[in-house]
Amino acid sequence: MQQFKIQKDRFSEIRKQVFYKTGFIVVPAFIATFFFIIRKPGEPEMPIMVWFIIVPLAIVTMLIVLTIVFKRQKALYESYTLTLTDNMITREMLNTPTISIYFNVISQIVKMKNGTFGIIGKDRSDIIGIPAQIENYDQLEEALQKIKIIDNKSSNSISQRYTLLTVLSVGLMICVFTVTDKVIAAVTGILLISLLLWNFYAVRKSKNVDSNTKRRM
């Protein structure tokens, strides 16, 4: 049996990734709120003093959100344990469903451009993500290569999909609050609700999302 954990001294790299991903959602959300809810078309502008109150509050709120996210992510990653036995690979993490995949049902092992690995089982919901900050990286890669030939990806398709969905959500939100045509507003509103419902379902179903995040959904 082989066991691997995250290198704790490399959490700063993970924190940087979390910062970019969280900021990519939080910042556009606040901007959309300011310009498409607070300042509705046709209504008088907000007094300048109100902006001096709202903007600092928004910045403080974002910093609090990021602090909470960093603290939670650090606890999750430090609890990350990957175990390889003779016929199974298992990922365990704090407050997160344990994922175990038998070698004979692994459909694909991919290595992303940023060094992370993805173990994909027969069921698409059975996906084990392995951060590049895992200890004994070369030893793990050699062990995975013996299980199944590793497919090297020239780009991180998961991150690209994540970015596309975020941009699409923000774009639809802007349309809902700015477009005056009722038909267009209705169509974009339905698309936005559908996308949010799909995201809710995907998060609830995912075995890689911790229970605290699922409850907050």
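**Exercise 1. Work out how much of the protein chain is buried, and what its surface and contacts look like.**

Solution. Start with burial: in this predicted model, 32% of the 217 residues of the protein chain count as buried. Next, take the surface. The accessible area of the protein chain is about 13700 Å², and carbon and sulfur atoms own 63% of that. Finally, look at the contacts between residues at least 6 apart in sequence: 59% of them join residues at least 24 apart.

**Exercise 2. List the secondary structure of the protein chain and read off its order.**

Solution. Count the elements, and you get six helices and eight strands. Now walk along the sequence, and the pattern comes out as β-α-α-β-β-β-β-β-β-α-β-α-α-α.

**Exercise 3. Lay out the sheet that contains E1, and find its edges.**

Solution. Step one is the order: four strands make an open sheet, E1-E2-E3-E4, with antiparallel pairing. Step two is the edges. Strand E1 (2–5) and strand E4 (96–102) each pair on one side only, which puts them at the edges. Step three is the twist: neighbouring strands here are turned by 15° against each other on average, ignoring direction.

Step four zooms in on one pair. E1 pairs with strand E2 (residues 81–84) in the antiparallel sense, over four bridges. Pick Phe 4 and look across into E2: its bridge partner is Leu 82.

**Exercise 4. Describe the surroundings of Thr 81: is this residue buried or exposed, and what does it touch?**

Solution. First place the residue: Thr 81 is found in strand E2. Then check the cover. The relative accessible area of Thr 81 is 8%, and buried means under 20%, so Thr 81 is buried. Leaving out residues up to four places away in sequence, Thr 81 touches Gln 3, Phe 4, Lys 5, Thr 90, Arg 91 and Glu 92. One of these neighbours deserves a second look: the side chains of Thr 81 and Lys 5 are joined by a polar contact of 2.7 Å.

**Exercise 5. Lay out the sheet that contains E6, and say why E7 and E8 have a side without a neighbour.**

Solution. Again, begin with the order: four strands form an open sheet, E7-E6-E5-E8, and this time the pairing is mixed. Strand E7 (127–130) and strand E8 (150–152) stand at the edges with a single partner strand each, so one side of each has no neighbour in the sheet. From one strand to the next, the twist averages 20°.

Now go strand by strand around E6:

- Strand E5 (residues 108–111) runs antiparallel to E6, and four bridges join them; Gln 108 has Ile 120 in E6 as its bridge partner.
- The hairpin of E5 and E6 has five residues between the strands, and there Gly 115 takes a positive phi near 95°.
- Strand E6 (residues 117–120) pairs with E7 in the antiparallel sense, over four bridges.
- Across that pairing, Phe 117 has Ile 130 in E7 as its bridge partner, while Gly 118 stands opposite Gly 129.
- Six residues make up the hairpin connection from E6 to E7.

Last, sort the side chains of E6 by direction. Phe 117 and Ile 119 point one way, Gly 118 and Ile 120 point the other way, and all are buried.

**Exercise 6. Check whether H5 has the span expected from its residue count, then see what caps and buries it.**

Solution. Helix H5 (residues 182–205) has 24 residues, and at 1.5 Å a residue it should span 34 Å. The end C-alpha atoms of H5 are 34 Å apart, which agrees. At the N-terminal end, Asp 181 acts as the cap, with a side-chain oxygen 3.0 Å from the backbone nitrogen of Val 183. The buried residues of H5 are Thr 188, Gly 189, Leu 192, Leu 195 and Val 203.

**Exercise 7. Take Asn 95 and Asn 136: what is the sign of phi, and where do they sit?**

Solution. Recall the background: most residues other than glycine have a negative phi. Asn 95 isn't a glycine, yet its phi is positive, about 55°. You'll find Asn 95 in the loop between strand E3 (88–93) and E4, where it is partly exposed, with a relative accessible area of 40%.

Repeat for Asn 136, which isn't a glycine either but has a positive phi of about 50°. Asn 136 belongs to the loop between E7 and helix H3 (137–147). With a relative accessible area of 43%, Asn 136 is partly exposed.

Terms used
Residues numbered from 1 in each chain as written. Predicted model: local features only at pLDDT ≥ 70, side-chain atom pairs only at ≥ 80, totals over all residues. Heavy atoms only, no water. Pairing = 2+ DSSP bridges. Helix = DSSP H or I, 4+ residues; strand = E, 2+ residues; numbered from the N terminus. Axes fitted to C-alpha atoms, helices over the stretch in contact; angles between N-to-C directions. Buried < 20%, exposed > 50% of the residue type's maximum accessible area, 1.4 Å probe, protein only. Contact = heavy atoms within 4.5 Å. Areas by Shrake-Rupley, 256 points an atom, 1.4 Å probe, with all protein chains shown as cover. Expected span 1.5 Å × (residues − 1). Polar contact = N/O pair within 3.5 Å; in protein donor to acceptor, adjacent residues only side chain to side chain.
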